[in-house]
Amino acid sequence: MEAFAWMSAFAGVGTALVLYWLLDRASRREDELHGLIDSQQQEKKVIFEFLHDLGEAFTEHIDKPYLLNIILRCAMRVCEARGGAVYLWNNSQRTELKAVQVNGIFPPPFPVDETIADKLVTRHEYLESFIRGEPIPKNSNSVVAQVAQSGRSLVVYNAEGDNRFPVFKDESLRVVSYIAVPLHYRDEKLGVMAVANREGGKQFSASDFDVVKSVADTAAYALHSAQVYSQLAEKKKIDHDLQVAREIQRILLPASAPKLENFEICAINLPAQHVSGDYYDFIQVDPTKIGIVIADVSGKGIPASLIMAMCRSVLRSKAVGCPSPAQVLSAVNRQLQPDIREDMFITMVYIILDTATKQVRMARAGHEAPLICTNNFELVQPISAPGMALGIDSGEVFDEVIQEVVIAMQPKDTIIVYTDGINEAMDAHGEEFGREHLKTALKTAGQKGVEFLARNIVERVQRFSSGQPQNDDITLAAIQRL
């Protein structure tokens, strides 16, 4: 009985010890689980803060450095990294990577001279400025360049002895543990995000690696969206500037045609883009003479419109008081030619209408030949006059070539001056509107007055084009003796 009692007591003690061990193990496991839950909750909090800050960053005017700082700060907080950097490609050719955001103590991913390294460790600002100022060529041996080129993520849990990382005398610049992930959205390669050295000398974990990759994916989408936002904002600004330019150009064109006792004049301008390289104007040369000019600057858009404005100013300064269109064009050419690029020129027709003599005097500088309708619109023929475009020659050849034509206008005679946006308009099959279609319009619509005639020509061109985009500016002017 005594032996049995001892055995029972011993068994009881053993059971108690086993129970104590199990309880202690369960307690430790509970503490570990609580620690894991706290860690996950903290990680979850960081991610939610990141997403919130990311949403706040997307305003009408996105601050890209602020956006990158949010992204990098989140990645570093989640894995408790001491330093991090975001490298982006410098241009579409992807010749080198440039650090656009650097936080904390981020070891340079390339060898550095010892004297420079000694200075870098004295202040964080020195290290950040140095890394920002040292681009990494795409063919570099740096892990940043390799990750950017390959598009594959890299995690190094223990970098001791890893020759991919440069060795520094100061421990704070040595790589202990490293994560580098590519930033790409679909097929668009943006750059690399890297974090280095966990706080307390610990190594990064597989969980850290997964989280950083997730942040990088979100970051790449955010960067792509930021670029889209930026492009939209820039487009909005350009559209506004173009609208202002269009309004200014509209002011430069005559508000209405002059009212004459024996003649009717009309003009129309339809830009192919926001602004036009075509130009027309009416100038009071003297009490009985009206200058009618129509011009076409080579090219389209803003450059052509600027040349057009310059041409208008020069022409107006030379035309008043001069009864010779050829002399006016010669003077305009001499003044404009030095300021026009070699690949640009201006074609122009300048007509001076004398309301007293009922004559027109015309000079043509390489422009489409105007058409004159006579015999009650039965006969339509071009008015040819020698001349070359403005801006090509400094003056010697231009002055020798240009000549004037004088025409006595009879009642109902009509002159049409136009730019090549009319005769070169194309249909869906690539056929041009041409001079014959224009002659048909003149013969059928000319009897109803110049305003109806001008609108009818434009409508015919638009119907002929069958919805094709307008490739060139359309401008025309019509002069008819009543």
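Is Cys266 buried or exposed, and what is its relative accessible area? The exercises below treat this residue and other features of a predicted model.

**Exercise 1. Classify Cys266 and Cys79 by their accessible area, and place the result beside the figure for the protein.**

Step 1. A residue counts as buried when its relative accessible area is under 20%.
Step 2. Cys266 has a relative accessible area of 11%, and Cys79 has one of 0%.
Step 3. Cys266 is therefore buried, because its 11% lies under the 20% limit. Cys79 is buried as well, with its value of 0%.
Step 4. For the protein, 45% of the 482 residues count as buried.

**Exercise 2. Determine how many disulfides the structure contains, and explain why Cys79 does not form one with Cys74.**

Step 1. A disulfide requires two cysteine sulfur atoms within 2.5 Å.
Step 2. The cysteine sulfur closest to that of Cys79 belongs to Cys74, at 9.2 Å.
Step 3. This distance is too far for a bond, so Cys79 and Cys74 are not joined.
Step 4. A search of the whole structure gives a total of zero disulfides.

**Exercise 3. Describe the largest pocket by its volume, its lining and the elements that contribute to it.**

Step 1. The space in the largest pocket is about 390 Å³.
Step 2. Its lining consists of 21 residues, and those closest to the centre are Pro254, Ala255, Ser256, Ala267 and Tyr280.
Step 3. Two or more lining residues come from each of α6 (206–252), β7 (263–270) and β8 (278–286). The element that gives the most is β7, with six residues.
Step 4. Sorted by class, the lining of this pocket holds 13 nonpolar, three polar and five charged residues.

**Exercise 4. State how many cavities of 30 Å³ or more are counted, and characterise the second largest.**

Step 1. The count is two cavities of 30 Å³ or more.
Step 2. The second largest cavity encloses about 40 Å³.
Step 3. Ile351, Val360, Met362, Ile383, Val405, Ile407 and Ile415 line the second largest cavity. The elements that supply two or more of its lining residues are β11 (359–365) and β14 (404–408).
Step 4. By class, this lining has seven nonpolar residues, with no polar and no charged ones.

**Exercise 5. Summarise the overall fold and surface in figures.**

Step 1. The protein has 12 helices and 16 strands.
Step 2. Of the contacts between residues at least 6 apart in sequence, 68% link residues at least 24 apart.
Step 3. The exposed surface of the protein is about 25,100 Å², and 52% of this area is supplied by carbon and sulfur atoms.

Technical notes: Residues are numbered from 1 along each chain as its sequence is written. This is a predicted model: local features need pLDDT of at least 70, side-chain atom pairs count only at pLDDT 80 or more; totals for chains, interfaces and linings use all residues. Side-chain values use heavy atoms; hydrogens and water are left out. On a 1 Å grid over the protein atoms alone, a cavity is a set of points where a 1.4 Å probe fits but cannot get out, and a pocket is an open set with protein on both sides within 12 Å along at least five of seven lines; lining residues have an atom within 4 Å of a point. Grid points are joined across faces, edges and corners, and a volume is the space filled by probe spheres set on the points. Helices (H or I, at least four residues) and strands (E, at least two) are DSSP runs, numbered from the N terminus. Ala, Val, Leu, Ile, Met, Phe, Trp, Tyr, Cys and Pro count as nonpolar, Asp, Glu, Lys and Arg as charged, and the others, Gly among them, as polar. Buried means under 20% relative accessible area, exposed over 50%, partly exposed in between (1.4 Å probe, protein chains only). Contact means heavy atoms within 4.5 Å. Accessible areas come from the Shrake-Rupley method with a 1.4 Å probe; for residues, only the protein chains shown count as cover.
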